[in-house]
Amino acid sequence: MDLAMLLRSATELLPADVLHYLQATAGPDSDADEKAWQSVALVPRVLQGVDPVDTRTSLAGRSWATPIHVSATAAHGLYHPEAEVATARAARKAGALFCYSSSATLEVTAFAAAAGGPFWAQVYVMTDRGRTRDYLARCVAGGAEALVLTVDNPGRIGDPPFRTVTSGFDVRPGNYPGWDWPTMSAHITAALTPASIGELATESGLPVWVKGVLDPRDAAAAVDAGATGIIVSNHGRRQLAGVVTVAVVLPGIVDAVGGEVPVLVDGGIRSGTDVLRALTLGATGVGIGRPALWALAVGGPTGVTTLLDDLTADLRRGMAGLGAGTIDGIRDHRSP
Ligand code: FNR
C-alpha cells in the first residue's frame with residue numbers, strides 16, 4: 001500500500017480542522033522521523049537458510065501475527081462512526097495489538113464490551129487523582145491487559161476540534177463525562193516521577209509500559225521503578241519543536257535496558273522496511289499512529305486491517321532479503 005496516496009485520500013476526505021489536528025507537529029520539521037528511518041541502512045546476511053519467514057512476535061504473554069501495533073491516538077470518532085471499536089477490531093483481524101487512548105471517543109468499558117479482544121490502555125495521569133483512579137478501575141473492569149503510561153509533556157498541540165467538527169460525531173472524551181477537550185488536557189499532570197510507575201502498577205495490578213522515553217537514563221530509571229517495558233516515542237513530534245528522532249535514540253536505549261525489558265518504538269514508521277530498520281536497531285515491536293487513522297478515515301476497519309496486513313507483508317519480504325527468518329533473528333543484523 002502506498003501510504004503517501006492514503007494520506008492524500010485522507011486529506012481530500014477529512015474536514016480541514018480534523019486534518020489539521022491529526023497532522024499537527026510542534027515544529028516545522030514534521031518529517032524528521034520519517035527521514036531518520038530512511039537513513040538506517042540494512043546489512044543482509046546470506047546463506048542463512050531462511051525459509052519460511054515468520055513475522056510472529058511474543059509480547060506480554062501473547063503471540064501476535066505481527067510486531068506492528070496500533071499506537072494510542074485520541075478521538076477515533078473523528079474518523080469513523082464506530083470510533084475505537086472499528087480500529088480495535090481491525091487490528092485484531094490483522095493479529096496486531098491495539099492500544100486504546102485514555103482520550104478516546106468511547107468510554108473504556110463500553111469500548112471493551114463492544115470490541116471484545118485483548119487491548120492495552122494508555123493513561124494520562126490527571127492532577128485530580130480521583131479521576132485517574134476511576135479511569136484505572138474501569139480499565140481493569142474492561143479487561144485491559146497492560147497500561148501504557150504516557151510521560152512526555154502533554155497538551156502542546158491543542159485538542160481535537162470537537163466543537164467545529166463537521167462529521168457529525170460526538171467526540172468528547174468518553175472517559176471524562178462533563179469535561180470537554182480543552183478542560184481535559186489542561187488537567188493532565190506534568191508532576192510525574194519514576195515513583196508514579198509503581199503507584200499505577202499497585203493501583204491497577206497491571207503491568208505498566210512507559211511511553212515517551214528518549215533518554216537512556218530515563219529508560220533505566222523507569223525500569224528500576226518497575227516498568228514492564230519502554231516505548232521510545234516523541235509523540236509523533238507533537239510535543240517539542242526540534243525534538244530528537246526516535247531512530248537516533250533507540251540504540252542507546254536498547255543498550256541501556258534492552259537486556260532487561262522489551263523496547264517498543266513509534267514515530268514516522270511508514271513502510272515494512274521502516275519496521276525492519278527499527279527491529280535491526282533492537283526494538284521488539286513498532287507502533288503506527290497517524291497511518292492507522294488515515295486508513296480508518298479512508299477505508300474504515302477494512303482499510304486498517306489492509307494497512308496492517310500490507311505493512312506486515314512488506315516486512316516479510318524485507319526479512320527474506322535481509323536473511324532473517326524470525327523477528328528475534330532480525331536483531332542479528334545490526335546496522336553499521
Ligand atoms: C497521538 N498520540 C497520542 N499518544 C498518547 O499517548 N495518547 C494519546 O491520546 C495520543 N493522541 C494522539 C492523537 C493524534 C491525532 C496523533 C497523531 C498522535 C501519539 C501516538 O501515540 C504516537 O506516539 C505517534 O502518533 C507516532 O507517530 P506517527 O506514527 O503518527 O508518526
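So, helix α6: Thr132, Tyr135, Leu136 and Cys139 are its buried residues. They cover an arc of only 100° around the axis, which puts them on the same side of α6. Keep in mind as we go that this is a predicted model.

Why would residues spaced like that end up together? An α-helix has 3.6 residues a turn, so residues three or four places apart point the same way. Now look at what sits over that buried side of α6: the cover includes α5, β5, β6, which is 147-150, and α8, which is 195-204. On the face turned away from the buried side you'll find Gly130 and Ala141, and those two are exposed.

Let's check the length of α6 too. The helix runs over residues 129-142, and at 1.5 Å a residue its 14 residues should span 20 Å. The end C-alpha atoms are 20 Å apart, which agrees. Right after α6 comes Gly143, and its phi is positive, near 90°.

Okay, next helix: α10, residues 246-257. How far does α10 reach from its first C-alpha to its last? With 12 residues, α10 reaches 16 Å, close to the 16 Å expected at 1.5 Å a residue. The buried list here is Val246, Ala247, Val249, Leu250, Ile253, Val254, Ala256 and Val257. Looking down the axis of α10, those buried residues fall within an arc of 160°, so they line one face of the helix.

What do they pack against? Quite a list: α3 (32-38), β7 (208-213), α9 (216-224), β8, β9 (263-266) and α11 (272-280).

While we're on α10, have a look at Pro251, which sits in that helix. Is Pro251 buried or partly exposed? Pro251 has 19 C-beta neighbours inside 10 Å, and being buried takes 20 or more, so Pro251 counts as partly exposed. Leaving aside neighbours within four places in sequence, Pro251 is in contact with Leu281 and Gly282. Compare that with Leu315, which is 64 residues from Pro251 in sequence and 20 Å from it in space, C-alpha to C-alpha.

Now a helix with a shorter list, α2, residues 16-23. In α2, Val18, Tyr21 and Leu22 are buried. They cover an arc of only 100° around the axis, which puts them on the same side of α2. Those buried residues pack against α12, which is 290-322.

Hang on to Tyr21, in helix α2, because it has 22 C-beta neighbours inside 10 Å and counts as buried. Tyr21 also turns up in the UniProt record: an unreviewed entry has a "binding site" annotation covering Tyr21, Tyr124, Arg156, His235 and Arg238.

His235 is on that list, and the unreviewed UniProt entry also gives His235 under "active site". Where does His235 sit? It's in the loop between β8, at 229-232, and α10. You might picture a loop residue hanging out in the open, but His235 is buried, because 23 other C-beta atoms lie within 10 Å. Not counting residues up to four places away in sequence, His235 touches Asp152 and Gly212.

For contrast, take another loop residue, Gly116, between α5 (108-115) and β5 (120-123). Gly116 has 13 other C-beta atoms within 10 Å, so Gly116 is partly exposed. Gly116 and Val53 are 63 residues apart in sequence, and their C-alpha atoms are 30 Å apart in space.

Last stop, the ligand. How many residues surround the ligand? There are 21, and the closest are Ser71, Thr150, Gly236, Gly289 and Arg290. Sorted by class, that shell has five nonpolar, 12 polar and four charged residues.

So, to take one picture away: in α6 the buried residues sit on the same side, and in α10 they line one face of the helix.

Conventions: Residues numbered from 1 in each chain as written. Predicted model: local features only at pLDDT ≥ 70, side-chain atom pairs only at ≥ 80, totals over all residues. Near = placed C-beta within 6 Å. Nonpolar A, V, L, I, M, F, W, Y, C, P; charged D, E, K, R; others polar. UniProt positions renumbered as here; feature names shortened; annotations may be inferred. Helix = DSSP H or I, 4+ residues; strand = E, 2+ residues; numbered from the N terminus. Buried ≥ 20, exposed ≤ 12 C-beta atoms within 10 Å, placed from the backbone. Contact = placed C-beta atoms within 7 Å. Expected span 1.5 Å × (residues − 1). Arc of directions from axis to C-beta.
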